[in-house]
Amino acid sequence: MTKFAETLKMNKKFAKWTYRAIVDECYINIIEGVVRVGKDFISTIAFIERIMAYTGTAKQFLIAAVNIKQAYLIIGDYILNYLDKAAKRCKLGVADAIRLKTPYGDRYIVFAGGKNKNSDREIQGLTLGGVYATEINLLNKGFIDEMFKRIAESGRDGFVFGTLNPLNEEHYFYTDFLNIWQQEEAGKQDNYLNYMHVTLEDGPNMTAEKIYYLKRGKNPDSIEYKRDILGLRVSAEGAIYEINDEHILQEYNPQDYIRIITVADPGSAGSATGFIVAGLTYNNDLKQIEMHVLREYYHRNASNNEIKKKDIIEYANDYVSFIFEAAEIFKKYPERIYIDTDRPFYDLVVKRLRAEGKANNISFPLKSGAIGSIDARIKQGISLLFQKRLRFYKDCKRSIEMFKAAQYDPKSYQQEGKLIRLDDPANNQSVDMIDCTEYAFNHFLKELTK
């Protein structure tokens, strides 16, 4: 038994789709839905079984993803584990490939990245028996068109497999491909399209416990929940975060905060410079650990409201003063002093703090660098706000305003399926204080997600 077979699970819904793909030999086979349910895992089986039974003239088959590395590593490993000794890595020319031993002779699987413009040129001239595209809706439209043209036969001797995570209804893959296929299949019922939509509950490997923890802490009204839990096609536009009165602290006691940190995001090219103090506390009423943004500093040279223009030295001095003010208010020094990636600013702050520290026998724990992807940070921020684990003192007006005003960038979601914020200070779409807050809750994430 192969490693693949040892981990394979099936349920009625997935079995029906797999039967249609292999036995009914449908031409186009698509699974759309949430992550983690095994879309590519199951699709790989059907794709390989179709190759093993293939009696057509083509010798090559294609696996496509946003890039060759992803196609080769993810689906390539599934194939090798599934077929064991019947599949081997090889080279076709200089390109990586997999050779399959089938009852009808050797077949070869080649790999391609199809995201970029003109990526279709990489597969021009190929003669293919079938194709497999993971995250097919992230591939370039021209690539998908060319991919279909390269299939040598149609009907029972040619086949297409594709998996995708939902985007919005206006995406070209729906309007130019899937919707048309579904209309044609509905009219003729001739095994042209084998389509399955899956939610989190549909996953063969999903248990009630897994589903509970994947849903836990997520706002049911959020794009993340609708897309990643329900598998719905959603538009990423409009406001990102929900901020109401429960998120705003009218007062606080500095002694309630067991740990504090400071974060600085130095501005450049017209963006603002922002600092925050964030503290970790325990809410006895809700029986949970929370992070509160308690103090802020904001200055933007490009703003008409700012009379005095500041240079990098002044900003560095302001941050050091901000740190010492926090230490005086909270009766403790920050356990970590963060500075976003700006080396000259970082060096100036270090120089000043070292001088102060030497004079007062203090060691300051500074850290420079960036944190995780914006997509992941957006999801985490939405979750923490939903759970009321992230709150703001009322005087942190800029932080509150930016969270309230934050909007999705629909273009990025449309093209790449990534949740990104609009960042356009000239049109009241600034994210400087949001960045600071994300640094802070990332620091305390282990405690906040217990």
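A salt bridge here is a side-chain nitrogen of Lys or Arg within 4 Å of a carboxyl oxygen of Asp or Glu. The legends below describe close-up views of a predicted model.

**View 1. A salt bridge joins E325 and R295.** The N to O distance between the two side chains is 3.4 Å. E325 belongs to helix 9, residues 312-330, and R295 to strand 12, so this pair ties together parts that are 30 residues apart in sequence. E325 is partly exposed, with a relative accessible area of 38%. The structure holds 22 salt bridges. This is one of them.

**View 2. D435 and R377 form a salt bridge between two helices.** Their closest N and O atoms are 3.1 Å apart. D435 sits in helix 14 and R377 in helix 11. The pair links distant parts of the chain, 58 residues apart. D435 counts as buried, at 14% relative accessibility. R377 is buried too, with a value of 14%.

**View 3. Four charged side chains are linked in a salt-bridge network.** The members are R227, D228, D375 and K379. Within the network, R227 pairs with D228. The closest N and O atoms of that pair are 2.8 Å apart. Are R227 and D228 buried or exposed? Both are buried.

**View 4. Helix 12 has buried residues on one side.** Helix 12 spans residues 397-405. Its buried residues are S399, I400, M402 and F403. They cover an arc of only 165° around the axis, which puts them on the same side of the helix. What covers them? The cover includes strand 9 (248-249), strand 11 (273-283) and strand 12 (288-299). It also includes helix 11 (374-386), strand 15 (390-393) and helix 14 (432-443).

**View 5. Helix 12 packs across helix 14.** The two helices pack at an angle of about 100°. Their axes are 8 Å apart. Angles of 65 to 115 degrees count as roughly perpendicular, and helix 12 and helix 14 are therefore roughly perpendicular to each other. On the helix 12 side, the contact involves R398, S399, M402 and F403. On the helix 14 side, these residues meet D432, M433, I434 and T437. S399, M402 and F403 are also among the buried residues of helix 12.

**View 6. Helix 2 packs alongside helix 3.** Helix 2 covers residues 12-22, and helix 3 covers residues 39-52. Their axes lie 9 Å apart, at an angle of about 20°. Angles under 35 degrees count as roughly parallel, so helix 2 and helix 3 are roughly parallel to each other. Is the crossing left-handed or right-handed? The crossing of helix 2 and helix 3 is right-handed. Helix 2 contributes F14, W17, T18, A21 and I22 to the contact. Helix 3 contributes I42, S43, A46, E49 and R50.

**View 7. T273 is a buried residue of strand 11.** T273 has 0% relative accessibility and counts as buried. Which residues does T273 touch, leaving aside neighbours within four places in sequence? Its contacts are D265, P266, G267, Y297, Y298, H299 and Y315.

**View 8. Q124 is a partly exposed loop residue.** Its loop runs between strand 5 (105-113) and strand 6 (128-134). The relative accessibility of Q124 is 44%. Leaving aside neighbours within four places in sequence, Q124 is in contact with E146 and R150. Q124 and E146 are 22 residues apart along the chain. Their C-alpha atoms are separated by 7.1 Å.

**View 9. K331 and K388 have positive phi values.** Most residues other than glycine have a negative phi. Phi of K331 is near 60°. K331 lies in the loop between helix 9 and strand 13 (337-339). K331 is exposed, with a relative accessible area of 62%. Phi of K388 is also near 60°. K388 lies in the loop between helix 11 and strand 15. K388 is buried, with a relative accessible area of 17%.

**View 10. The whole chain gives the setting for the close-ups.** Its secondary structure comes to 15 helices and 15 strands. The chain has 450 residues, and 51% of them count as buried. Among contacts with a separation of 6 or more, 72% are between residues 24 or more positions apart.

How values were computed. Residues numbered from 1 in each chain as written. Predicted model: local features only at pLDDT ≥ 70, side-chain atom pairs only at ≥ 80, totals over all residues. Heavy atoms only, no water. Buried < 20%, exposed > 50% of the residue type's maximum accessible area, 1.4 Å probe, protein only. Helix = DSSP H or I, 4+ residues; strand = E, 2+ residues; numbered from the N terminus. Arc of directions from axis to C-beta. Contact = heavy atoms within 4.5 Å. Axes fitted to C-alpha atoms, helices over the stretch in contact; angles between N-to-C directions. Parallel < 35°, antiparallel > 145°, perpendicular 65-115°, else oblique. Left-handed = near helix turned anticlockwise from the far one by under 90°.
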